[in-house]
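Let's walk through this structure together, one region at a time. Have the viewer open and follow along.

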Amino acid sequence: MTLDRAVLAFAGVMILLSVLLTILVHPLWVWFTVFIGVNMIQSAFTGFCPAAMIFKAFGLKEGCAFK
């Protein structure tokens, strides 16, 4: 699995988790979903992604998006 795919998979899991927390625990968990979305938008423009740095440290090979 490349770094790009790992970041996309992680973002998807986190979005689904935040939606579940919003529905099952408290409506204010929606702000977690907002945070994830904002982070995805800024990483699209800047190329900076904290999750990508962590996955890279675990030794995943680079893809095209995050270097």
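Is Ile23 buried or exposed? Ile23 is exposed, because its relative accessible area is 62%, where buried means under 20%, exposed over 50% and partly exposed in between (1.4 Å probe, protein chains only). Before going further, please keep in mind that this is a predicted model, in which local features need pLDDT of at least 70 and side-chain atom pairs count only at pLDDT 80 or more, while totals for chains, interfaces and linings use all residues. Residues are numbered from 1 along each chain as its sequence is written, and side-chain values use heavy atoms, with hydrogens and water left out.

Now for the overall layout. The protein has three helices and zero strands, following the pattern α-α-α along the sequence; helices (H or I, at least four residues) and strands (E, at least two) are DSSP runs, numbered from the N terminus. The C-alpha trace spans about 35 × 20 × 15 Å along its principal axes. Of the 67 residues in the protein, 22% are buried.

Let's return to Ile23, which sits in helix α1 (residues 3–24). Together with Val19, Leu20, Leu24, Val25 and Trp29, Ile23 makes a nonpolar surface patch of about 610 Å². Such patches are made of residues with over 30% relative accessible area and no salt bridge, with nonpolar side chains (Val, Leu, Ile, Met, Phe, Trp, Tyr) joined within 5 Å and like charges within 9 Å. The accessible areas come from the Shrake-Rupley method with a 1.4 Å probe, and for residues only the protein chains shown count as cover.

From the surface we can turn to the interior. Which residues make up the largest nonpolar core? The seven are Leu3, Ala6, Val7, Cys49, Ala51, Ala52 and Phe55. Helices α1 and α3 (50–57) each supply at least two residues of this core. A nonpolar core here is a set of buried Ala, Val, Leu, Ile, Met, Phe, Trp, Tyr and Cys residues joined through side-chain atoms within 4.5 Å.

Helix α1 also holds Asp4, which is buried yet has no salt bridge. The nearest side chain of opposite charge, Arg5, is 7.5 Å away; Lys and Arg count as positive and Asp and Glu as negative, while His and the chain ends are not counted. A polar atom of the Asp4 side chain does lie 2.6 Å from the backbone nitrogen of Cys64.

How many salt bridges are there? The count comes to one, taking a salt bridge as a side-chain nitrogen of Lys or Arg within 4 Å of a carboxyl oxygen of Asp or Glu. Glu62 and Lys56 meet in a salt bridge through their side chains, at 2.7 Å from N to O. Glu62 counts as partly exposed because its relative accessibility is 37%, and Lys56 is partly exposed too, with a relative accessible area of 38%.

A few distances help to fix the picture in space. Gly59, in the segment after α3, is exposed because its relative accessible area is 57%. The C-alpha atoms of Gly59 and Leu3 are separated by 8.9 Å, although their positions lie 56 residues apart along the chain. Put plainly, Gly59 and Leu3 are 56 residues apart along the chain. Leu60 lies in the segment after α3, and its C-alpha is separated by 34 Å from that of Leu24, 36 residues apart along the chain. In helix α2 (residues 30–46) you will find Phe32, which is 19 Å from Ala44, C-alpha to C-alpha, the two being twelve residues apart in sequence.

Definitions and conventions. A polar contact is a pair of N or O atoms within 3.5 Å; within protein, one must be able to donate a hydrogen and the other to accept it, and residues adjacent in sequence count only if both atoms are side-chain atoms.
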